[in-house]
Amino acid sequence: MLLSFVLVTFGLFVVCCHGFVARAFHPEFPDGLSVVDEARLFKGSWDEAYELANKTVAQMTMDEKLGIIIGTGQLNSARRCVGDTTAVSRLGIPSICLQDGPAGMRLVRNVTGFPSGINTAATFSRRLMRARGVALGEEFRGKGAHVYLGPAMDIMRNPKAGRGWESFGPDPYLNGEGAYEAITGVQSVGVQACAKHFLANNQEHWRYGLSSNLDDRTMHEIYFYPFLRSIEADVVAVMCAYNRFNDTSSCHNANLIGPNGILRQNGFKGNSIFPSGYVVSDWGATHDSASDNANAGLDMEMPGDWIVIGGGVYGGIGQGLKTAVNDGQVSVDRLNQMVERILASWYRLGQDTGYPSVSFNTQQPDGTGPGNLDVNVRTDDHTALVREIAAASAVLLKNNRTVNSQGNTVRGLPAVKGVAKTVAVVGQDALLPNLSCDGMNECDDGTMDIGWGSGSNSLQHVVPPIDAIQAYLGNSTSITTSLTNDVSQGAKAAARKDMALVFVNAMSGELGAYDTVDGNMGDRNDLNLWFSGSDLVNGVAAVCNNTIVVVHSVGPVYLTFSNHPNITAIIYAGAPGEQTGPAIVDVIYGAVNPSGRLPFSIADSEDAYGTSIVYVSLGFPDINYTEKLLLDYRYMDANNITPRYEFGFGLSYTTFSYSSLSIAYTSSGYTVSFKVANTGSVAGTEHPQLYLGYPTGAGEPKRVLRGFEEVVLNAGESQSVAMNLTIRDLSVWDTPSQSYIRPPGTFAVWIGASINDIRLTGSI
């Protein structure tokens, strides 16, 4: 029924031969410029971009304009990207290539498999968030893709949500910072970013027609907030979602995308006075008539086929938009505006000059066939960055360390090479994934480095844990393996070993053309580890008193085994991308001191999260967001629920102290300053977090995240840290006035190592 599923072909990773390609098209480049510098030579202002776009549109025919607005079709044999427009060669306009996805290029060879959004959030590092965006942009540019279909910023309303791992978690502030840095990084190299999915796209079941029903304040403070940060990052494109929003389909919802809707009224303008970018549909997300969509504010329809979901409203049977313009249902001015917005974004990022041609073909993802030019955009720097983010996002949840008289770890972490003479590696998650699933990542018989669906990426260069462990230990250690989840075999391999490494996972992904995976239709069915992972862990721990557990997961999972005395360490490694093996070896053996922090809470019950996935319905359901502002730690705070591991939690191989809190007023808000010291014996990275408590009567949760930092310290070193609170950080959304207002009264300021590990308190 839903043929449109075939549409969503997101996510490719591309690494960079851009410098060479750019000079081939633009030989006047001075030598020695970086990719970023070269791209910036092209970029102009929005006013300049709209001036060029207006002049170009004035020369175009009706059919040429429609070719810019309407995708060429997912089922078009000439298609090379997941979305393509029709070139206007006589005016120098190429086919604009839109390509998946948030964690790298999908269905493309010779690209990098980057860490997921949720892992990037777990770094609590704007530096790494930005660097990942730059690297993504370099690869997309190097392959000739004009539009990076990301970042995703869908709030993880429920921990089982199938695509929650593509975004940055349940907290709107952390999601907003992740989105801001990703967009800034991607667009710095001249690649268009496309913020998605607008709005309140929070589960996979029934996503093509469910209605997300929420009040105005909840919308602004939770679900719109990351998009507001995207606008502040100057994002040039926004993708409207499949779901209905308050009973109107997102892609023809004027309250969302119209001239007086929330998107345009908050700075994403699209005219010559306040110019900005365009709104594109999710693949097949258009409904009803062409005039309804166009007049509501949609600028580009993808992918352009006639599809049951989309009804062929733009590019399908009857050329609906052309008829609507000829009949006067859509004005010529509105048609021109749609094209101008798209072309202005293309001009704005300098894609009209020196941009590489598309060098891949997603219809032949194995790299064969016409259109695949074997351009390799992988770089050593990108590989190193992926490894760094994967290690920096690993969250050490438990570490009962025992050392011997020589000071070497004999139980717990960091392990010392050669001290544990016998090591067992247990679990199918340590294996290389089935590469036949590359581009879909629906296979479940190996390590989980990314979820499945259009947000997946290339598995071509995945280095699994077992390979990295064997390469690192070499002949120094006797390694025994049981690379299945058979409990008896795992226990047999681990018995009487000095250390057992158990790898377990839980996956999720996108509903669509992508089959269900082990009975999970995108959204997870529960929060259990897959393939009886908990039984495997307990079976190994029963026979090995130094059991180290590594969890690869798309989100929270039950970790009820964490108190087992023989489990000396637990690492939540998430969905870390292609360098999953080397990164986990770096953490286990101490080359990297773990600094990841949980971007969500891990509880022992689904009820602790206060929301649910609607699995069964007689039709497209209405989902009422009755929890309002209370998601994850906010809900737990309000209901006195103590999770097993709280939001922001993460251990280190060293210790840190906090002191000297001061709060100073500035013209733009307040500066909160304090000192962090490394009181341990090894270098490490601390991530202090700022939580704000609003005055009584403000209607806010007890505590909300309003700041975080990355502080790198050698042993014995200390550093002053300053975090800025803006007026908006201190404000709440006021529906009657349709504005942010600062409530009167006293604000509490908490500085801590997690939401429940508060070190300093103050007030404003």
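Q: What covers the buried residues of H19?
A: This is a predicted model. In it, helix H19 spans residues 580-588 and is mostly covered, with 9 of its 9 residues buried. The elements that cover these buried residues include H15, helix H16 (465-473), strand E15 (499-506), strand E16 (547-553) and strand E17 (567-572).

Q: Which residues of H19 are buried?
A: Helix H19 is mostly covered by its surroundings. H15 is one of the elements that cover its buried residues. The buried residues are Thr580, Gly581, Pro582, Ala583, Ile584, Val585, Asp586, Val587 and Ile588.

Q: Which residue just after H19 takes a positive phi?
A: Look just past the end of the helix, which covers residues 580-588. There, a positive phi of about 85 degrees belongs to Gly590.

Q: At what angle do H6 and H15 pack?
A: Helix H6 is formed by residues 126-143, and helix H15 by residues 380-392. H6 passes H15 in a left-handed crossing. Their axes are 11 Å apart, and the packing angle is about 145 degrees.

Q: Which residues of H15 meet H6?
A: On the H6 side, the contact uses Arg127, Leu128, Ala131, Arg132, Ala135, Glu138 and Glu139. The contact residues of both helices divide into 6 nonpolar, 1 polar and 5 charged. On the H15 side stand His382, Leu385, Glu388, Ile389 and Ala392.

Q: Why is strand E10 largely enclosed by the rest of the structure?
A: Strand E10 covers residues 395-399. It pairs with E17 in the antiparallel sense. E10 is largely enclosed because the buried residues number 4 of the 5.

Q: Which residue in E17 stands opposite Lys398?
A: E10 and E17 are joined over 4 bridges. They pair in the antiparallel sense. Opposite Lys398, in E17, stands Ile570.

Q: What is the strand order in the open sheet of 4 strands?
A: The pairing in this sheet is antiparallel. Strand E23 (704-708) and strand E29 (757-763) are the edge strands, since each pairs on one side only. On average, neighbouring strands are turned by 30 degrees against each other, direction ignored. The order is E23-E22-E28-E29.

Q: Which residue in E23 is the bridge partner of Leu690?
A: Strand E22 covers residues 689-693. E22 and E23 run antiparallel, joined by 4 bridges. In E23, the partner of Leu690 is Gly707.

Q: Is Arg244 buried or exposed?
A: Arg244 is found in strand E7, residues 244-245. Leaving aside neighbours within four places in sequence, its contacts include Gly209, Ser249, Phe620 and Asp622. The relative accessible area of Arg244 is 19%. Buried means under 20%, so Arg244 counts as buried.

Q: What distance separates the C-alpha atoms of Ala49 and Ser345?
A: Ala49 lies in helix H3, residues 46-57. At 2% relative accessibility, it counts as buried. Leaving aside neighbours within four places in sequence, Ala49 is in contact with Ala344, Tyr347 and Arg348. Ala49 and Ser345 are 296 residues apart along the chain, yet their C-alpha atoms are separated by 7.2 Å.

Q: Where is Pro151 found?
A: The peptide bond from Gly150 to Pro151 is cis, with omega near 5 degrees. Pro151 is found in the loop between strand E3 (147-148) and helix H7 (172-187).

Q: Which residue does a cis peptide bond join to Met302?
A: The omega of this bond is about 5 degrees. The partner lies in the loop between helix H12 (290-296) and helix H13 (320-326). The residue joined to Met302 is Pro303.

Q: What is the phi of Lys628?
A: Lys628 is found in the loop between strand E18 (622-624) and helix H20 (633-638). Its relative accessible area is 46%, so it is partly exposed. Lys628 is not a glycine, but its phi is positive, about 55 degrees.

Q: What is the relative accessible area of Gln738?
A: Gln738 is in the loop between strand E26 (732-734) and strand E27 (739-741). Its phi is positive, about 50 degrees, although it is not a glycine. Gln738 is partly exposed, with a relative accessible area of 43%.

Q: What pLDDT does the protein chain average?
A: Of the residues, 91% score at least 70. Over residues 1-42, however, the pLDDT is below 50. It also stays under 50 over residues 307-318. The chain average is 91.

Key: Residues are numbered from 1 along each chain as its sequence is written. This is a predicted model: local features need pLDDT of at least 70, side-chain atom pairs count only at pLDDT 80 or more; totals for chains, interfaces and linings use all residues. Side-chain values use heavy atoms; hydrogens and water are left out. Axes are lines fitted to C-alpha atoms, for helices over the stretch in contact, and angles run from 0 to 180 degrees between N-to-C directions. Helices (H or I, at least four residues) and strands (E, at least two) are DSSP runs, numbered from the N terminus. A crossing is left-handed if the near helix is turned anticlockwise from the far one by less than a right angle, and right-handed if clockwise. Contact means heavy atoms within 4.5 Å. Ala, Val, Leu, Ile, Met, Phe, Trp, Tyr, Cys and Pro count as nonpolar, Asp, Glu, Lys and Arg as charged, and the others, Gly among them, as polar. pLDDT is the predictor's confidence in each residue, from 0 to 100. Two strands pair if DSSP finds at least two bridges between them. Buried means under 20% relative accessible area, exposed over 50%, partly exposed in between (1.4 Å probe, protein chains only).
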